[in-house]
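Hi,

Here is the structure I promised to pass on. Have a look at it first, then read my notes below.

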Amino acid sequence: HWQQSGAGGLLLRAAEQWFRERGASVMVLHTAMNMTPLVNYYLTQGFRLAAVSDEKGYQRGKFVKPLV
């Protein structure tokens with residue numbers, strides 16, 4: 001129901017601001033690589049794929065975004 005509503009973008013921007021205010025210089029998140037729309041969304045939001053592992057039993061991407 002909430003997909004494509006803009007709520008995720010608002011939450012992501014709020015999280016970025018929260019981290020910036022606390023002096024963070026980078027934001028890191030993980031998501032399943034088979035969630036192609038989500039992976040593509042993070043890439044369009046300035047995250048880059050830093051690593052992929054399957055230690056949790058599935059292909060899991062580590063995404064990093066500089067906050068400076």
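Below is what turned up, starting with the sheet and ending with one glutamate.

Keep in mind that this is a predicted model.

**The sheet**

Try finding the strands first. There are 3 of them in an open sheet, in the order E1-E3-E2, and the pairing is antiparallel. Strand E1 (26–32) and strand E2 (48–53) are the edge strands: each has a single partner strand, so one side of each has no neighbour in the sheet. Going from one strand to the next, the twist averages 25 degrees.

How many bridges link E1 and strand E3? The antiparallel pairing of E1 with E3 (residues 60–66) runs over 7 bridges. If you want one to look up, take Val-26, whose bridge partner in E3 is Pro-66.

Now add helix H2 (residues 36–44), which packs on the sheet and touches E1, E2 and E3. The direction of H2 makes about 165 degrees with that of E1.

**Glu-16**

Next, click on Glu-16, which sits in helix H1 (residues 7–21). Is Glu-16 buried or exposed? Its relative accessibility is 6%, and buried means under 20%, so Glu-16 counts as buried.

What does Glu-16 touch, once you leave out residues up to four places away in sequence? The answer is Met-27, Phe-47, Lys-65 and Leu-67. With Lys-65 there is also a polar contact between the two side chains, Glu-16 to Lys-65, at 2.8 Å.

Have fun clicking around!

Cheers

Key: Residues are numbered from 1 along each chain as its sequence is written. This is a predicted model: local features need pLDDT of at least 70, side-chain atom pairs count only at pLDDT 80 or more; totals for chains, interfaces and linings use all residues. Side-chain values use heavy atoms; hydrogens and water are left out. Two strands pair if DSSP finds at least two bridges between them. Helices (H or I, at least four residues) and strands (E, at least two) are DSSP runs, numbered from the N terminus. Axes are lines fitted to C-alpha atoms, for helices over the stretch in contact, and angles run from 0 to 180 degrees between N-to-C directions. Contact means heavy atoms within 4.5 Å. Buried means under 20% relative accessible area, exposed over 50%, partly exposed in between (1.4 Å probe, protein chains only). A polar contact is a pair of N or O atoms within 3.5 Å; within protein, one must be able to donate a hydrogen and the other to accept it, and residues adjacent in sequence count only if both atoms are side-chain atoms.
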